[in-house]
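Me: I would like a close look at a single part of this protein, namely the way its aromatic rings pair with one another. Please take the pairs in turn and say where the partners sit.

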Amino acid sequence: MKNFQLLFSAAIAISSVAGASLAVLHNFPARTQASTLLIDLSSTATSAENPPAVFTNVSDQTVSVTKPREMKLKTAALVSTKLDDFPHQRFTLVDEVKPASDFAQFRQRLRYATKLKDMNFIRAILPSDKIAIGYRETAIADLKLENRESAFWLSLDHAIAVGCTAEANLSYPDLDPESQLWSCNNITKQLSSQANSSELVAGVSGSINRVVVIGKNVSVRSQPQKNSAVVALLSNEVVEVNPQIATQQITQTTFGENNNPNNNWTPVILPQGRQGYVYNRFVYSPSEYQAVFGKIQGQWRLLAMPGGY
C-alpha cells in the first residue's frame with residue numbers, strides 16, 4: 001500500500017513539472033523555420049542590477065546570450081558611424097602650460113573655484129575697481145558674481161576650459177618682472193597655426209565664418225533646441241558657420257545678465273551640405289573671450305578678458 005502511495009505521489013509531481021514545462025513552451029514566442037529568437041525589451045521588466053538576456057542564434061544544441069548593454073553599445077556604434085560619415089577637418093588641442101608649473105596649479109584651483117562659483121576666490125584675483133572686458137572697462141560690481149548664471153561666470157569657465165599660451169607683456173606695467181603672461185583660451189592662435197599646416201584645409205585661417213567645436217561626439221542638432229534630432233556628430237574639428245542664420249542671431253551682450261552667447265547656438269554647415277546647430281558651450285570662435293593672467297606682488301591675477309562678440 002505504501003509503495004502504491006509513493007508511486008502515485010511521484011506521478012503527480014512528474015505531471016506538475018511536465019505541465020509547467022509545456023506551459024512555458026506554449027507561451028514562449030515561436031517562429032517557424034527561424035534560427036533567431038529575441039525578447040522584446042520594451043515590454044520586459046528590467047533592472048540595472050539584473051538585466052534580462054537577449055537570446056540569439058538559437059539552435060538545437062547551442063544558445064549564445066547577448067546582454068542588453070552589449071546590444072546598446074553595438075547600436076550606438078552603428079548610429080555614431082552614420083552620423084560621423086562625412087569629411088572632417090580635425091583640430092589638435094595644444095596646451096603650453098607645463099603640468100607641474102606654478103601656473104598649472106593656479107589654473108587647476110581656478111577651474112575648481114569657477115565650477116563652484118566661489119565668489120571669494122574670484123574676487124581675490126580680480127582688480128579692485130574695474131577690469132577690461134571685451135572692448136570696454138567694466139566695474140567689478142557689474143560682473144554680478146552673486147548671479148551663478150551671469151555672463152562673466154560662463155565666459156570665464158569657457159575660456160579656461162582649454163589650453164593656454166604664453167604671451168609677451170606689452171600692456172601691463174604692474175606685472176612682476178619675473179612673471180609670465182598667460183592667455184587662455186588659445187584656440188584662435190592654434191586655429192591660425194594649424195590651418196597653415198597639412199592638418200586643416202587651406203583657407204580656414206582667419207576666417208570669421210569658421211569655428212572650432214571642442215569635445216568628443218558633440219551633437220549637431222536639426223534645430224537650436226536640446227531635444228531636437230541629432231543630424232551629425234563632431235569631435236574636435238573646424239566647421240563652417242552658416243552666415244545667413246548667424247547674422248540674424250547677432251545681439252549685443254551685456255556682462256552680468258543672462259544673455260551670454262555661451263547659452264545660445266551656432267548654426268553650422270558641414271561638408272556635403274548637411275546643416276544644423278551646435279550648442280555654444282562647445283564652440284570657440286575667432287572672436288572668443290580670452291582670460292589673461294599674470295602675477296602682481298607674487299599672486300596670480302586675472303588682468304583682462306579681451307575679445308568678445
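How many aromatic pairs does a search of the whole structure find?

Reply: In this predicted model, a search that covers the whole structure finds nine aromatic pairs. One of them joins F103 and F293, whose ring centres are 5.9 Å apart and whose planes meet at 55°, so this pair is classed as tilted, given that the tilted class takes in planes that are neither under 30 degrees nor over 60 degrees apart. Because F103 belongs to helix 3 (residues 102-116) while F293 belongs to strand 14 (residues 291-296), the pair ties together parts that are 190 residues apart in sequence. F103 counts as buried, with a relative accessibility of 3%, and F293, at 1%, counts as buried too.

Helix 3 also supplies F106, which lies in a pair with F121 of helix 4 (residues 119-125), so here the parts tied together are 15 residues apart in sequence. The rings of F106 and F121 are stacked, with 6.4 Å from centre to centre and 25° between the planes. F106 counts as buried at 3% relative accessibility, whereas F121, at 21%, counts as partly exposed, because the buried class ends at 20%.

These four residues belong to a wider group, since ring pairs link F103, F106, F121, W182, F293 and W300 into a cluster. A contact of another kind involves Y279, over whose ring the charged end of K226 sits, 4.6 Å from the ring centre.

Key:
Residues numbered from 1 in each chain as written. Predicted model: local features only at pLDDT ≥ 70, side-chain atom pairs only at ≥ 80, totals over all residues. Heavy atoms only, no water. Phe/Tyr/Trp six-rings, centres within 6.5 Å; stacked < 30°, edge-to-face > 60°. Helix = DSSP H or I, 4+ residues; strand = E, 2+ residues; numbered from the N terminus. Buried < 20%, exposed > 50% of the residue type's maximum accessible area, 1.4 Å probe, protein only. Lys NZ or Arg CZ within 6 Å of the ring centre and 35° of its normal.
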